[in-house]
Amino acid sequence: MKLLLVEDDPTMQTTLQRTLGRRRIDVRVCGDGAQALAHWQALEPDVVALDLNLPNLDGLQVLAQARAAGLRTPVLLLTARGTVGDRIVGLNAGADDYLPKPFDLDELEARLRALRRRHQGAGAEPADGPQPVGGLRYEMQSGAIYHRAEVLELTPRELALLKALMMNPGHAVTKERLFELVFPGEIDVQYEAVEVVVYRLRKKLAGTGAALMTLRGLGYLLREEP
């Protein structure tokens with residue numbers, strides 16, 4: 001994936017180039033709002049991570065220029081402005097997602113990849129079955145999930161949730177979708193019950209090489225631990 005990072009903080013530039021580069025994301029940087037549009041047009045990135053606070057031209061102005069020029073690249077806004085009003089303004093200006101600073105690098109990566117998949121239409125089809133993640137694998141005949149050679153002891157709800165996440169590792173699954181799979185037909189159960197199952201499952205996954213991540217506004221995903 002090719003990422004254009006429009007950010008004027010040299011430390012942030014270096015950190016994200018180094019960290020995301022190790023995760024096979026080619027990060028190109030631009031630190032000036034007035035030059036961002038030219039970089040955007042020249043690089044044709046898969047995703048743009050755009051800071052709102054930029055010299056010479058702020059992020060919203062850059063975004064407005066890009067959309068007016070017909071650039072449909074998905075945009076993730078990065079900013080220390082954490083109010084709902086700022087978020088609404090950014091999304092209405094044409095941004096696709098919003099991540100306030102400070103942020104978790106795993107969440108940043110997941111949101112960038114999710115934006116790219118949605119833009120390209122990739123990853124829309126579910127996998128044929130639960131896929132191996134870390135040291136976990138699904139046994140079709142028994143219906144059990146193994147950690148190496150041992151069956152992972154799970155409750156039926158934990159098993160249903162883990163199977164759903166293993167269907168497409170690294171892809172976020174919404175809380176609403178997980179609720180449908182974990183609590184089918186249980187109309188008296190609240191959506192927050194999913195969080196309880198996630199909490200218990202996360203503890204059981206310790207040491208398996210698989211990490212269950214919570215993504216604000218997106219849901220949950222399962223990925224191999226770095």
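Is Arg-116 buried, exposed or partly exposed? In this predicted model, Arg-116 has a relative accessibility of 27%, so it counts as partly exposed; buried would need a value under 20%, and exposed one over 50%. Arg-116 also has a partner: it forms a salt bridge with Asp-46, with the closest N and O atoms 3.9 Å apart. That pair brings together distant parts of the chain, since Arg-116 belongs to helix H5 (residues 105-120) while Asp-46 sits in the loop between helix H2 (33-43) and strand E3 (47-51), 70 residues apart.

Salt bridges turn up elsewhere too, and a search of the whole structure finds 18 of them. Helix H5 comes up again with Glu-107, which pairs with Arg-216 at 3.4 Å between the closest N and O atoms. Here the link runs from H5 to the loop between E9 and E10, across 109 residues of sequence. The two ends of this bridge sit in unlike surroundings: Glu-107 counts as buried because its relative accessibility is 6%, whereas Arg-216, at 44%, is partly exposed.

Another bridge from H5 involves Glu-109, whose side chain meets that of Arg-223 at 3.1 Å, N to O. Arg-223 lies in strand E10 and Glu-109 in helix H5, so this pair ties together parts that are 114 residues apart in sequence. Both partners are tucked away: Arg-223 is buried at 18% relative accessible area, and Glu-109 is buried at 7%. The pair does not stand alone, either, as salt bridges with shared partners join Arg-23, Asp-106, Glu-109, Arg-113 and Arg-223 into one network.

A histidine adds a polar contact of another kind. His-171 is found in the loop between H6 and H7, and with a relative accessible area of 17% it is buried. Its side chain makes a polar contact with the side chain of Arg-117, at 3.3 Å.

Now for the nonpolar side of things. The largest nonpolar core holds 25 residues, and Leu-161, Leu-162, Leu-212 and Leu-222 have the most contacts inside it. Several elements chip in with at least two residues each: strand E6 (136-139), helices H6 (156-166), H7 (175-182) and H8 (193-204), and strands E9 (210-215) and E10 (219-224). Leu-161 gives a feel for how this core is put together. Leaving aside residues up to four places away in sequence, Leu-161 touches Leu-178, Val-182, Val-194, Val-197, Val-198, Leu-201 and Leu-212. There is also a second, separate core of 20 residues, with Leu-52, Leu-57, Val-62 and Ala-66 among its members.

Two of those names, Val-62 and Ala-66, lead to helix H3 (residues 59-68), where the buried residues are Gly-59, Val-62, Leu-63, Ala-66 and Arg-67. Why do these residues lie on the same side of H3? They cover an arc of only 130° around the axis, which puts them on one side of the helix. The spacing fits a general rule: an α-helix has 3.6 residues a turn, so residues three or four places apart point the same way. The ends of H3 have their own details. At its start, a side-chain oxygen of Asp-58 comes to within 3.1 Å of the backbone nitrogen of Leu-60. Just after H3, Gly-70 adopts a positive phi of about 85°.

Methods: Residues numbered from 1 in each chain as written. Predicted model: local features only at pLDDT ≥ 70, side-chain atom pairs only at ≥ 80, totals over all residues. Heavy atoms only, no water. Buried < 20%, exposed > 50% of the residue type's maximum accessible area, 1.4 Å probe, protein only. Helix = DSSP H or I, 4+ residues; strand = E, 2+ residues; numbered from the N terminus. Arc of directions from axis to C-beta. Polar contact = N/O pair within 3.5 Å; in protein donor to acceptor, adjacent residues only side chain to side chain. Core = buried A, V, L, I, M, F, W, Y, C linked by side-chain atoms within 4.5 Å. Contact = heavy atoms within 4.5 Å. Salt bridge = Lys/Arg side-chain N within 4 Å of Asp/Glu carboxyl O.
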